[in-house]
Amino acid sequence: MRGLHWLLLLLPAMLWGYFTLNDNVWWVENITGYPALFVVGYSLWCIIMLLIKHWLKAGICAVLVSCFLLLSPVQSRELFARCDNPLTIIQYNLFYSNPNLNQLMTYLIQHPADLVVLQEVSPSVGEMLQTLTDIYPYYYGGQPGVGYPSSQMILSRFPLDQGSVYTTPDQQHVIFTTWQAGRQSPLLLVSAHPVSPRNEELWHRRNAILATIESLLKGYENDEVLVVGDFNLSARSVRFTRLFSGFQTAPVASWPIWAQQVDTPSWSMVAIDHLWLKSTQGTRKICTRHSQAAPSGSDHRMVVTQIGY
């Protein structure tokens, strides 16, 4: 019985370590990319060990809980205290059935950003967002012949030039446009919303579009590139660490919000709403990123990023 206790105690952590490095199965990658599952599991084990007075095992469980908490995403990241010529970027998965769209509209008016990248935008919501042209005179998504590629829409205070949509064979869409970023030099802006990997087929489709974006970027000779979107990929996966080599990134907790009535703790979430920045000269940088519960109504947090020099 004692040996079984030790096996049950250590096996999940050992399997996590092994499968994190061998994430070629869709459900394994999803589980190992979600540290909160192991936090909850080992917390329960810790309580059980305390109740039966197995102090050593309880202590080991507490250590493992602490380790997985350290692997969990944080709500805010400050990479540089000084940020010259800052630009603010909002990214947000609206959630199609969001009941608080007026709250979102009010937020975008009262907290104007330089760039807003949205997912799960329906045509009716897109028409509402187009009324904000006094603040965001430039947008991509909603134009005739363009529509809302993979339900995405981009709002901007500065021009979006040479916009185009790359469509994959399975009808996923990647937006490419040049963002004239105010007093900063222009960036190639890439926006995407891959499918959620809820089964093996969708997992392969998501992986394929990630590989496609990397391949397409090799054909562009831009020194300054910004990749933004809900990528449905945990920042705790090996696949994430291999993406966009040479780009800066700073994952923060963004999904899922378990209940609208209470503030979901960051440790119980994963980071899937990502931003990558490439600055070949190394002068432009990600200064801060944070996620926030307001505006509410979605199962994602809004993520606000500041980039500058």
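In this predicted model, the lining of the second largest pocket is made up of 10 nonpolar, 3 polar and 2 charged residues. Its volume comes to about 200 Å³. The lining counts 15 residues, and those nearest the centre of this pocket are Pro73, Arg77, Ala235, Arg236 and Pro251.

The largest pocket has a volume of about 630 Å³. Its lining holds 30 residues, with Ser196, Pro197, Asn232, Trp255 and Ile272 lying nearest the centre. Sorted by character, the lining of the largest pocket comprises 11 nonpolar, 13 polar and 6 charged residues. Helix α2, which spans residues 26-32, gives the most to this lining, contributing 3 residues.

Turning to the sheet, 6 strands form an open arrangement in the order β6-β7-β8-β9-β11-β10, and their pairing is mixed. At the edges stand β6 (160-167) and β10 (248-249), each of which pairs on one side only. A reader following the sheet from the β10 edge will find that β10 runs antiparallel to strand β11 (residues 273-279), the two being joined by 2 bridges. Here glutamine 248 sits opposite leucine 277 of β11.

Further along the sheet, β8 offers a good place to look at both kinds of pairing. With β7 it runs antiparallel, and 6 bridges join the two strands. Within this pair, threonine 177 has leucine 189 of β8 as its bridge partner. With β9, by contrast, β8 pairs in the parallel sense, over 5 bridges. In that pair valine 190 stands opposite valine 227 of β9. In general, the strands of a sheet pair through backbone hydrogen bonds, in either a parallel or an antiparallel sense.

How many of the residues of β8 are buried? The count is 6 of 6, and the strand is mostly covered. The covering extends to both faces of β8: Leu187, Leu189 and Ser191 are buried on one side, while Leu188, Val190 and Ala192 are buried on the other. Side chains in a regular strand alternate between the two faces of the sheet. Two of these buried residues also appear in the pairings above, with leucine 189 partnering threonine 177 and valine 190 facing valine 227.

Helix packing completes the description of this region. Helix α7 (residues 200-218) lies across four strands, namely β6, β7 (173-179), β8 (187-192) and β9 (224-230). Relative to β7, helix α7 runs at about 35°. One of the strands it crosses, β6, is an edge strand of the sheet.

How values were computed. Residues are numbered from 1 along each chain as its sequence is written. This is a predicted model: local features need pLDDT of at least 70, side-chain atom pairs count only at pLDDT 80 or more; totals for chains, interfaces and linings use all residues. Side-chain values use heavy atoms; hydrogens and water are left out. On a 1 Å grid over the protein atoms alone, a cavity is a set of points where a 1.4 Å probe fits but cannot get out, and a pocket is an open set with protein on both sides within 12 Å along at least five of seven lines; lining residues have an atom within 4 Å of a point. Grid points are joined across faces, edges and corners, and a volume is the space filled by probe spheres set on the points. Ala, Val, Leu, Ile, Met, Phe, Trp, Tyr, Cys and Pro count as nonpolar, Asp, Glu, Lys and Arg as charged, and the others, Gly among them, as polar. Two strands pair if DSSP finds at least two bridges between them. Contact means heavy atoms within 4.5 Å. Axes are lines fitted to C-alpha atoms, for helices over the stretch in contact, and angles run from 0 to 180 degrees between N-to-C directions. Buried means under 20% relative accessible area, exposed over 50%, partly exposed in between (1.4 Å probe, protein chains only).
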